[in-house]
Amino acid sequence: MRVTTRGRHSGESGVAGGLIGALPGQIGMATFSPRLDRHGNSVRGVSLFEPFFGGMGLRVMEVPAAARAVVRSHHDVGSGPNALRVLRLQGGIGFAAAERVVQEAMAVPPSAVRVALDLTRVHSMDGAARRVLLEVVRRLTLSGHEVYLADPESIMPDPDPGDGGRVTVVDTVDQAVRPPRGGPAREAVGGGAGNHPTRRR
């Protein structure tokens, strides 16, 4: 068994063609393909690991804080038809933290028709987390929810939730509870690259 370090990840490989990679607090991943390179590593495994880890911004020397801290609270605001289920997020959001948001969002019951992701306390978000959260918005929309994004600092500018997705961007959660007429809310409807939010009237 040989321990190797290949740029963005650490892994172990053996003559069987197995490759295991782990980043503490982020992700664990394994591949199996018998064809080996001159270092004894799985050729297909390495070809999968390198773009995957690079594209997701996962680096062994850049381990983020515990992902469980990303969801500050998960609660209801208001009552009756204007009731809003709020997922209040915080800190810097990377891939592992975004996965925690997925768990919370998928636990939202169908009865919670209106849902908001509150990014007021989020100070940074990488590209991988952005893609994951936009997919969360898309899935919530397809499940029949009306989705809001409270994003006063434009942490997620020009959100495009993809085919079938829809999100209304507001500056505060209060604006989602009581949407202003002609106010600063803007709506983004999924449809591909270049789809920018438009001001809702």
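A contact here means heavy atoms within 4.5 Å. With that in mind, among the contacts in this protein with a separation of 6 or more, 56% join residues 24 or more positions apart. Welcome to the structure, which is a predicted model. The protein has 201 residues, and 41% of them are buried. Its elements are four helices and 11 strands.

**How confident the prediction is**

- Averaged over the protein, the pLDDT is 78, and 72% of the residues reach 70 or more.
- Confidence varies from element to element: strand β8, residues 146-150, has the highest mean pLDDT at 96, while strand β1, residues 2-6, has the lowest at 36.
- Residues 1-14 stay under 50 in pLDDT, and for them the model has 42 contacts beyond four places in sequence.
- Another such stretch is residues 196-201, where the pLDDT is below 50 and the model has 19 contacts beyond near neighbours in sequence.

**The nonpolar cores**

- In general, nonpolar side chains in soluble globular proteins tend to be buried together.
- In this model the largest nonpolar core has 31 residues, and the members that touch the most others are L89, I93 and L133.
- Two or more residues of this core come from each of β6 (84-93), α2 (95-106), β7 (114-125), α3 (127-142), β8 and β9 (166-170).
- Helix α3 is the biggest giver to this core, with eight residues.
- For a closer look, take L89: leaving out residues up to four places away in sequence, L89 touches V70, V71, R72, V101, D118, L119, R121, V122 and L133.
- Apart from the largest core there is another core of nine residues, including A116, Y148, V170 and V173.

**How helices α2 and α3 pack**

- A packed pair of helices is described by the angle between the axes and the distance between them.
- For α2 and α3, the angle is about 10° and the axes are 8 Å apart.
- Because angles under 35 degrees count as roughly parallel, α2 is roughly parallel to α3.
- On the α2 side, the contact is made by F95, A98, V101, V102, A105 and M106.
- On the α3 side, the residues in the contact are A128, A129, V132, L133, V136, R139 and L140.
- By type, the residues of this contact comprise 12 nonpolar, no polar and one charged.

**A buried serine in a loop**

- S33 sits in the loop between β4 (27-32) and α1 (43-55).
- With a relative accessible area of 12%, S33 is buried, because the cut-off for buried is under 20%.
- Beyond its neighbours within four places in sequence, S33 is in contact with G17, S42 and R44.

**Two residues with positive phi**

- The loop between β8 and β9 holds S154, and the phi of S154 is near 50°, a positive value in a residue other than glycine.
- S154 counts as partly exposed, at 38% relative accessibility.
- D158 also lies in the loop between β8 and β9.
- D158 is not a glycine either, and its phi is likewise positive, near 50°.
- The relative accessible area of D158 is 41%, so D158 is partly exposed.

**Residues that meet across the sequence**

- E135 belongs to helix α3 and is partly exposed, with a relative accessible area of 26%.
- Although E135 and G165 are 30 residues apart along the chain, their C-alpha atoms are separated by 8.3 Å.
- T120 lies in strand β7, and at 44% relative accessibility T120 is partly exposed.
- From C-alpha to C-alpha, T120 and D171 are 8.4 Å apart in space, with their positions 51 residues apart in sequence.
- Setting aside neighbours within four places in sequence, T120 is in contact with A150 and P152.

Technical notes: Residues are numbered from 1 along each chain as its sequence is written. This is a predicted model: local features need pLDDT of at least 70, side-chain atom pairs count only at pLDDT 80 or more; totals for chains, interfaces and linings use all residues. Side-chain values use heavy atoms; hydrogens and water are left out. pLDDT is the predictor's confidence in each residue, from 0 to 100. A nonpolar core is a set of buried Ala, Val, Leu, Ile, Met, Phe, Trp, Tyr and Cys residues joined through side-chain atoms within 4.5 Å. Buried means under 20% relative accessible area, exposed over 50%, partly exposed in between (1.4 Å probe, protein chains only). Axes are lines fitted to C-alpha atoms, for helices over the stretch in contact, and angles run from 0 to 180 degrees between N-to-C directions. Angles under 35 degrees count as roughly parallel, over 145 as roughly antiparallel, 65 to 115 as roughly perpendicular and the rest as oblique. Ala, Val, Leu, Ile, Met, Phe, Trp, Tyr, Cys and Pro count as nonpolar, Asp, Glu, Lys and Arg as charged, and the others, Gly among them, as polar.
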